[in-house]
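Student: I should like to work through the side-chain interactions and the helix packing of this structure. Could we begin once the sequence and the model are shown?

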Amino acid sequence: MPNRTAAILATALAPLIWGSTYLVTTEFLPPDRPFTAALIRVLPAGLLLLAWTRRLPRRGEWGFVALLGFLNIGFFQAMLFVAAYRLPGGLAAVLSSTQTLMVLVFTWLIGKT
């Protein structure tokens, strides 16, 4: 039974942390600076991961790292904060609550399962 409780708590933790983005953005970050907010959010995590692995990417991996960095940090995180600055919190909560359904629909459309 403790494993089930731990799994439920871990599952509940992700939406809680994700939802805190809107509160932190509207209450604590400077207004209308989505790229700065994205940098503040991801730079500490990136530096901690780099310190934990204690190795830089190999020469052949830099292109892949640059592409992922641009897509995740440069685009996705910035757009997340653009949405957080512009959408009301209630609408953002409703949209994020439909994520599971969106994943199921895309899995059905793309994977045919």
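Student: How far apart are the closest N and O atoms of R58 and E61?

Tutor: Please note that this is a predicted model. A salt bridge requires the nitrogen and the carboxyl oxygen to lie within 4 Å. R58 and E61 form such a bridge, and their closest N and O atoms are separated by 3.3 Å.

Student: Which residues are linked in a network of salt bridges?

Tutor: The search of the whole structure yields two salt bridges. One of them joins R55 to E61, with the closest N and O atoms 3.6 Å apart, and R58 also forms a salt bridge with E61. The network therefore arises from bridges defined by a nitrogen within 4 Å of a carboxyl oxygen. Its linked members are R55, R58 and E61.

Student: Does R58 count as buried or exposed?

Tutor: The class follows from the relative accessible area, and exposed means over 50%. E61 has 26% and is partly exposed, while R55, with 43%, is also partly exposed. R58 has a relative accessibility of 55%, so this residue counts as exposed.

Student: At what angle do helix 4 and helix 5 pack?

Tutor: Two packed helices are described by the angle and the distance between their axes. Helix 4 covers residues 89–97 and helix 5 covers residues 99–111, with axes 5 Å apart. L95, S96 and S97 of helix 4 meet Q99, T100 and M102 of helix 5. This contact has two nonpolar, four polar and no charged residues. The packing angle is about 35 degrees.

Key: Residues are numbered from 1 along each chain as its sequence is written. This is a predicted model: local features need pLDDT of at least 70, side-chain atom pairs count only at pLDDT 80 or more; totals for chains, interfaces and linings use all residues. Side-chain values use heavy atoms; hydrogens and water are left out. A salt bridge is a side-chain nitrogen of Lys or Arg within 4 Å of a carboxyl oxygen of Asp or Glu. Buried means under 20% relative accessible area, exposed over 50%, partly exposed in between (1.4 Å probe, protein chains only). Axes are lines fitted to C-alpha atoms, for helices over the stretch in contact, and angles run from 0 to 180 degrees between N-to-C directions. Helices (H or I, at least four residues) and strands (E, at least two) are DSSP runs, numbered from the N terminus. Contact means heavy atoms within 4.5 Å. Ala, Val, Leu, Ile, Met, Phe, Trp, Tyr, Cys and Pro count as nonpolar, Asp, Glu, Lys and Arg as charged, and the others, Gly among them, as polar.
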